[in-house]
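Me: I am new to this structure and would like to go through it step by step, with the terms explained as we meet them.

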Amino acid sequence: MTARKVHLEPMASPEQQTALFAKLDELGIAHKTVSHEALMTAEDVDKAAPGAGMSPAEGLCKNMFLKSKKGELFCFTTQTANKVDMKSVSKKLAAPECRFAGDEFLASVLKVGKGSVTPLAAISDTEIKCAFALDQRLVGQAAVWVHPLVNTQSTCLSFDDLVKFLTAVGHPPKILDFSDMVEVAAPAGGAPAGKPAKPAKPAGGGGSAKKGGEKREKGEGDKEVNKETGLGMAARKEDDFPTWYSDVITKSDMIDYYDISGCYILKPWSFSMWEEIQKFFDAEIKKIGVQGCYFPMFVSQRALEAEKDHIEGFSPEVAWVTRSGQSELPEPIAVRPTSETIMYPAFAKWIRSHRDLPLKLNQWCNVVRWEFKNPTPFIRTREFLWQEGHTVHSTLEAAGEEVLEILELYRRIYEELLAVPVVKGKKTEVEKFAGGYYTTTVEAYIPATSRGIQGATSHCLGQNFGKMFNIEFEDEKGQKQIPWQNSWGCTTRSIGVMVMVHGDNMGLVLPPRVAPIQVVIVPVVYKDSAEVTNSAAYELEAKLKAAGVRVSVDARTNYTAGWKYNHWEQKGVPIRLELGPKDLAKQQVRMVKRIDNSKEDVPLSVLVPKMQLELELIQHQMYKNAKDKHNQLTKTVMKWEEFVPALNAGCMCLTPFCEEVEWEETAKKRSKEETLAGIEEEDNTATSAAAKTLCIPFDQPPMPEGTPCFISGKPAKCWVLWGRSY
Ligand code: 86X
């Protein structure tokens with residue numbers, strides 16, 4: 001090691017140090033001291049530690065000697081690895097605008113030289129001018145290294161003993177809790193975006209393995225607070241929603257980007273959520289007699305145009321294949337945007353008699369709609385996954401019944417799986433699927449963007465498609481009849497809605513029922529006890545797995561426990577179990593919940609039922625939180641003057657409405673104009689300003705006789721839900 005210039009600063013005297021060690025001995029505190037060159041900074045301490053025999057790395061401390069605006073003095077001690085900034089320390093100390101205290105205070109109050117700030121100097125502050133504070137992340141540590149009044153030496157004692165000492169010399173320490181500070185693995189230079197940076201210090205293998213104390217909170221040295229936000233995500237949800245969203249879905253490893261605009265890779269973390277939705281929905285539709293099938297993804301121009309009327313508006317979105325290799329195809333073929341025109345010619349062949357009905361088919365597949373509005377992963381993509389159900393009934397009544405059965409399943413996907421509240425209802429004439437008879441929908445709301453979003457649709461198509469595709473059946477009386485058809489669909493958009501509703505500034509927050517991993521166990525290992533801790537973790541995993549909990553042990557040795565906490569938080573795992581030697585000794589495990597970061601020690605004897613219960617509680621709590629917000633943001637509006645202000649306040653509006661097409665168009669137009677009149681000319685895209693009807697909710701509040709429509713003043717026919725929307 002190269003010799004360093006030793007600063008000629010006032011130093012604590014040998015007598016002072018003798019008195020300090022005598023005090024420690026008197027208190028029965030075990031301590032050990034090593035000598036080294038003068039260490040002026042935390043980095044110096046980190047570098048010199050191994051050579052000086054100071055291990056483990058975890059217990060190395062740095063100290064801040066601070067003076068508040070009011071003149072109060074503080075000595076704050078944390079680990080060298082912890083990134084703490086003056087602002088947050090000031091805040092935790094409840095001392096406004098702290099600055100580093102001048103050297104004169106160091107000499108007169110702590111009676112040590114520059115670079116030798118230490119909590120052990122409390123012994124010299126006999127007039128109690130300085131208050132001492134310790135970082136909560138030090139709590140419980142067996143080894144804490146601090147200077148024995150001079151920075152050419154370091155003394156090791158336990159955290160508990162440090163507290164004992166401080167208390168004995170009249171300075172019971174304040175413990176500052178930084179657990180609410182989100183510290184995140186910043187992509188290290190060159191690390192691809194979205195990938196957590198490799199930790200600077202491996203926790204396992206090699207000689208720097210931790211031993212000694214256990215540590216609860218974050219505070220591994222490998223985490224960086226985002227410079228701009230102080231938070232884990234590149235932007236706050238409330239400040240820059242698009243950046244936040246893309247950061248959440250990439251950092252959680254749900255999505256990867258692709259070189260064709262509007263197309264995204266669904267990685268296993270998001271695809272398994274889709275699989276959960278599939279599992280639920282597929283089982284439910286099979287109970288009501290729906291069968292699975294698969295139709296080709298290509299459709300000839302002729303077939304596609306058999307249904308010209310309703311295709312017309314969509315035609316710019318149809319993608320065509322025109323070549324194979326270098327040769328032009330004899331005729332172009334389209335990639336399905338939906339499969340009516342692919343399936344219904346087959347239905348016409350298959351259906352002859354009433355005995356062939358009902359025909360109930362569903363397929364899980366991809367579809368392509370080449371949209372030009374700006375794409376958003378899950379929410380609006382050029383290719384997406386969905387299920388499309390297509391059924392044929394002999395009566396309108398039977399068809400109508402199924403429309404609602406399916407809609408109820410869609411409600412359950414959103415509310416029971418994704419914990420996202422939805423409003424069930426019927427689309428107005430303006431908003432319904434033009435090719436159908438009537439359209440029902442589940443409508444969700446994204447509070448962060450103040451936008452409604454269609455969750456899924458269940459259409460009664462009436463006899464329109466039967467007529468177009470010549471689908472006929474002979475009824476019991478031998479009469480030719482046109483059957484009644486339905487179609488219904490739900491897409492991977494549902495996952496995007498869930499992310500937008502529940503995600504927070506630390507990343508994804510997953511409802512247990514769709515979480516690929518519901519419980520992650522992080523063994524907190526120390527060199528000498530790693531094997532014991534890990535095998536205990538695997539034992540818990542086996543028990544939970546046997547009880548049907550999706551659980552995983554993160555025993556990777558190249559990441560620290562703190563890094564893992566952060567990693568699984570970003571991925572939204574509902575429950576983290578931290579298991580260290582001290583927990584094991586007490587036959588308990590520390591549970592930390594993602595929804596509120598609450599912590600609880602759980603006896604191992606009740607772990608399985610406790611996890612099952614907690615997952616259930618989290619699921620319900622998440623739904624309730626979202627539902628409360630949803631309700632808060634639904635405003636009853638009786639007259640036009642209140643409409644745009646309510647939208648601008650971030651609300652959906654429930655209004656009495658005359659249900660006339662012209663008035664619906666007027667409301668759209670006026671809401672756009674009034675909104676744009678009130679804002680600068682930047683973000684005045686038509687769709688973002690105008691409100692449209694989301695649905696006519698099935699759940700209709702009472703409508704007193706003579707209630708006027710909120711816009712036309714004519715007698716209202718029903719309550720309608722309006723909002724700006726996706
Ligand atoms: C309407 C209707 C319906 C089955 C569903 O909503 C649920 C599942 N289909 C789909 N629709 C189109 O018909 C359509 C057609 C073309 Cl050509 C297109 F490019 C886009 C479309 N979008 C919606």
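Reply: Buried means under 20% relative accessible area, exposed over 50%, and partly exposed in between, with a 1.4 Å probe and protein chains only. This is a predicted model, in which local features need pLDDT of at least 70, side-chain atom pairs count only at pLDDT 80 or more, and totals for chains, interfaces and linings use all residues. Residues are numbered from 1 along each chain as its sequence is written, and side-chain values use heavy atoms, with hydrogens and water left out.

Me: On which side or sides of helix H14 do its buried residues lie?
Reply: Helices (H or I, at least four residues) and strands (E, at least two) are DSSP runs, numbered from the N terminus. The buried residues of H14 are Thr 533, Asn 534, Ala 536, Ala 537, Leu 540, Glu 541 and Leu 544. Because they cover an arc of only 160° around the axis, taken from the directions from the helix axis to the C-beta atoms, they lie on the same side of H14.

Me: Which residues are exposed on the other side of H14?
Reply: Exposure is judged by the cut-off of over 50% given above. On that other side, the exposed residues are Glu 531, Val 532, Glu 539, Lys 543 and Ala 546.

Me: Which residue in S19 stands opposite Thr 440?
Reply: Two strands pair if DSSP finds at least two bridges between them. Strand S18 (residues 438–446) and strand S19 (residues 451–462) run antiparallel and are joined by nine bridges. Opposite Thr 440, the residue in S19 is Ser 458.
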